[in-house]
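Here's a quick tour for anyone meeting this protein for the very first time. Have a look at the sequence and the model, then read on.

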Amino acid sequence: MKTLTLHEDPCSGNCYKIRLTAALLGKPLTRIAYDILKGETRTPAFLQNVNANGRIPVLQAGDRFLPESNAACWYLAEGSALIPGDAFGRADMLRWMFFEQYNHEPNVATLRFWLSIVGEAHLTAAQKEQIAGKRAGGEAALALMEEHLAGHGWFVGGSVTLADIALYAYTHVCEAGGFRLGDYPAVCRWLERVSALPGYVPMD
Ligand SMILES: N[C@@H](CCC(=O)N[C@@H](CS)C(=O)NCC(=O)O)C(=O)O
């Protein structure tokens, strides 16, 4: 595999997914940090050379750039046990990764960002109006995870896959967004299983 560089903001769970995947696979990553609060992913140089979409994470493999956290995790994990060997298992894993991007991250991660990183006092009126809806959406996502994990050790099959890594990133820090992990005991037990994996690294 080519030299791997992660363009990241260390406070981002989307970036952490890629670091965790690489760590579990024993693949070294070089890290380049940007401060999203200072607009460092919106500069002309970043837009032209790293990601025209103005966002991190971006995984650089040699001279090619791959935005989107879950795509980058897939690239790292291709051919490993983090991706199920059977077609249905792979599709089911993608189901949870799409759920993470559509139902979980826009609610759970956004409230953490707004309330703990930006700070409520600095939110716009439009952002403040969205808090209740994002709270309800995040709680619904966590409740669905709780229901699944009450009967399963992992999201897909009998071992950790990229679905677990994608959902772990923002779930384990969801209390910073005002969610109560204590309401989700099966989720808490699953968080412990993930953090006990060989090679696990914590978020910065
Ligand atoms: N769907 C993308 C989301 C990327 C994203 O929203 N990145 C945020 C940080 S987590 C960002 O770069 N924000 C800075 C900005 O939009 O200027 C992924 O999973 O990688």
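What follows covers the model itself, its annotated domains, the ligand and two backbone details.

## About the model

This is a predicted model, where local features need pLDDT of at least 70, side-chain atom pairs count only at pLDDT 80 or more, and totals for chains, interfaces and linings use all residues. Numbering starts from 1 along each chain as its sequence is written, and side-chain values use heavy atoms, with hydrogens and water left out.

## Two annotated domains

UniProt, in an unreviewed entry, gives "domain: GST N-terminal" for residues 2-84 and "domain: GST C-terminal" for residues 86-204. Those positions are in the numbering used here, the feature names are shortened, and annotations may be inferred rather than shown by experiment.

Residues 2-84 are 34% helix and 20% strand, with the end C-alpha atoms 24 Å apart. Residues 86-204 come out at 66% helix and 0% strand, and there the end C-alpha atoms are 34 Å apart. Helices (H or I, at least four residues) and strands (E, at least two) are DSSP runs, numbered from the N terminus.

## Around the ligand

Which residues are closest to the ligand? They are Arg42, Ile56, Glu68, Ser69 and Gln101, out of 13 that surround the ligand (a residue counts if one of its heavy atoms lies within 4 Å). By class, this shell has four nonpolar, six polar and three charged residues. Here Ala, Val, Leu, Ile, Met, Phe, Trp, Tyr, Cys and Pro count as nonpolar, Asp, Glu, Lys and Arg as charged, and the others, Gly among them, as polar.

Now for the polar pairs. An N or O atom in the Arg42 side chain is 2.7 Å from an oxygen atom of the ligand. Glu68 has a polar side-chain atom 2.7 Å from a ligand nitrogen atom, and a polar side-chain atom of Gln101 also lies 2.7 Å from a nitrogen atom of the ligand. Taken alone, the ligand exposes 520 Å², and the protein buries 80% of that (areas are from the Shrake-Rupley method with a 1.4 Å probe).

## Two backbone details

The peptide bond from Ile56 to Pro57 is cis, with omega near 5°. Pro57 sits in the loop between α2 (44-49) and β3 (58-61).

Glu68 isn't a glycine, yet it has a positive phi of about 80°. Glu68 is in the loop between β4 (64-67) and α3 (69-77).

Terms used: Polar contact = N/O pair within 3.5 Å; in protein donor to acceptor, adjacent residues only side chain to side chain.
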